[in-house]
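Hi everyone, thanks for coming. I'd like to walk you through a structure that is new to most of you, so please have a look at it first.

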Amino acid sequence: MKEDRTTAARNRTAARIFFYVAGICILALGLTLSTKTKLGASPVIAVAFCISELSGIELGDATFILYSFFILVQIALHLLPGKRTPSDKKKAVVMDILQLPFSIFFTRLLNLYASGIPAPETLPARILVLVLAVILIGTGAALTLDMRLVVSPGDGIVQAVSDRTGLELGLTKNIVDVCCVLAACALSLTFARHIIGIGVGTLAGMFGTGRVIALFNRQFGGYLIPLGKASSNHP
């Protein structure tokens with residue numbers, strides 16, 4: 001009986017890791033496709049795309065710089081005086097630091113996808129790719145979040161700001177997205193004198209991704225969400 005429980009726990013953990021890695025790969029593909037459409041990058045990657053276009057460095061490398069900044073902000077927020085106990089602060093900072101290896105793997109995927117995927121040429125093709133990108137971003141985000149492992153720095157900073165300010169998570173996400181868009185606009189106007197990477201695709205990512213996550217979890221969350229919870233309680 002004990003062996004059966006151990007085997008079941010191992011199977012849950014293996015499934016959890018599989019879906020988590022699949023989610024990372026799908027999310028990275030979706031974000032890359034959003035930059036290929038030239039209709040505007042997803043908000044969470046808009047600043048990185050702008051830096052990449054201005055400096056000539058690869059998208060993944062620019063994203064790693066952005067994610068490193070997000071991680072530092074999270075650590076600072078978690079170390080601020082507040083209601084958290086020293087033990088809780090330590091755990092939060094450890095989870096923040098674990099986002100660094102996530103970022104390394106994720107941004108290498110971005111570079112791999114960016115170098116191998118051609119940009120669509122016609123407007124209808126670009127629109128179709130944009131729709132696909134939003135679907136993939138939402139699906140990948142849902143998979144990684146449902147497995148309750150290390151979150152991406154883009155999601156982590158939203159959670160950290162929400163925890164610190166007391167704002168509702170969805171509202172905080174919208175605020176962070178708007179800040180990313182404004183930062184991308186400021187950078188591009190300052191150094192290129194025109195807007196880079198912001199457009200209808202940015203709005204599609206801002207408003208469409210959440211809907212895709214909700215729809216995905218409505219269809220598959222009955223299996224995936226309990227899997228993440230059970231595995232996190234019984235690793």
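**Cysteines first, then the rest**

The sulfur of C180 has its closest cysteine sulfur in C179, 7.1 Å away, and that is too far for a bond. Before I go on, please keep in mind that this is a predicted model. Looking from the other side, C179 has its closest cysteine sulfur in C180, again at 7.1 Å and too far for a bond. How many disulfides does the structure hold? The count is zero. A disulfide would need the two sulfur atoms within 2.5 Å. These two neighbours also sit in different surroundings, if you look at their accessibility. C180 is buried, because its relative accessibility is 8%. C179 has 47%, so C179 counts as partly exposed.

Okay, on to charges. How many salt bridges does the count come to? It comes to two. One of them joins D61 and R108, with the closest N and O atoms 2.9 Å apart. D61 belongs to helix α3, which covers residues 59-79, and R108 belongs to helix α4, so this pair ties together parts that are 47 residues apart in sequence. Are the two partners buried or exposed? Well, D61 has 27% relative accessibility, so D61 is partly exposed. R108 is partly exposed too, because its value is 38%.

There is also a salt bridge between D177 and K173, and here the closest N and O atoms are 3.3 Å apart. This one stays inside a single helix: D177 and K173 are four residues apart in helix α7, residues 169-191, which means about one helical turn separates them. D177 is buried, because only 3% of relative accessibility is left to it. K173, on the other hand, has a relative accessible area of 30% and is partly exposed.

Now for the aromatic rings. The count here comes to seven aromatic pairs. Take F18 and F19: they form an edge-to-face pair, 5.4 Å centre to centre, with 70° between the planes. F18 itself is exposed, because its relative accessibility is 55%. Then look at F216 and F220, which form a tilted pair with 5.0 Å centre to centre and 45° between the planes. Where do these two sit? They are four residues apart in helix α8, residues 200-233, so about one helical turn lies between them. F216 is buried, because its relative accessibility is 12%. F220 is partly exposed, because its value is 47%. And if you want rings that gather in a group, find Y67, F69, F70, F102 and F106, which form one aromatic cluster.

Let me turn to a serine. S34 lies in helix α1, residues 2-36. Is S34 buried or exposed? It is buried, because its relative accessibility is 4%. What does its side chain reach? It reaches the backbone oxygen of L31, at 2.7 Å. A polar atom of that same S34 side chain also lies 3.4 Å from the backbone nitrogen of S42. So S34 is a buried residue with a contact to the backbone of L31 and another to the backbone of S42.

Next, the surface. L123, I127, V131 and I135 form a nonpolar patch there, and together they have about 340 Å² of accessible area. I127, one of these four, lies in helix α5, residues 123-146. I127 has 41% relative accessibility, so I127 counts as partly exposed.

One last residue for today: L112, in helix α4, which runs over residues 86-116. L112 is exposed, because its relative accessibility is 55%. How far is L112 from V93? In sequence they are 19 residues apart, and in space they are 30 Å apart, C-alpha to C-alpha. Remember that R108 is in helix α4 as well, so when you follow this helix on screen, you can look for R108 and its salt bridge to D61.

To wrap up, these are the points to take home. There are zero disulfides, two salt bridges and seven aromatic pairs. And the nonpolar patch on the surface is made of L123, I127, V131 and I135. That's it from me, thanks for listening.

Notes. Residues are numbered from 1 along each chain as its sequence is written. This is a predicted model: local features need pLDDT of at least 70, side-chain atom pairs count only at pLDDT 80 or more; totals for chains, interfaces and linings use all residues. Side-chain values use heavy atoms; hydrogens and water are left out. Patches are made of residues with over 30% relative accessible area and no salt bridge: like charges are joined within 9 Å, nonpolar side chains (Val, Leu, Ile, Met, Phe, Trp, Tyr) within 5 Å. Accessible areas come from the Shrake-Rupley method with a 1.4 Å probe; for residues, only the protein chains shown count as cover. A salt bridge is a side-chain nitrogen of Lys or Arg within 4 Å of a carboxyl oxygen of Asp or Glu. Helices (H or I, at least four residues) and strands (E, at least two) are DSSP runs, numbered from the N terminus. Buried means under 20% relative accessible area, exposed over 50%, partly exposed in between (1.4 Å probe, protein chains only). Rings of Phe, Tyr and Trp (its six-membered ring) pair if their centres lie within 6.5 Å; planes under 30 degrees apart count as stacked, over 60 as edge-to-face and the rest as tilted. A polar contact is a pair of N or O atoms within 3.5 Å; within protein, one must be able to donate a hydrogen and the other to accept it, and residues adjacent in sequence count only if both atoms are side-chain atoms.
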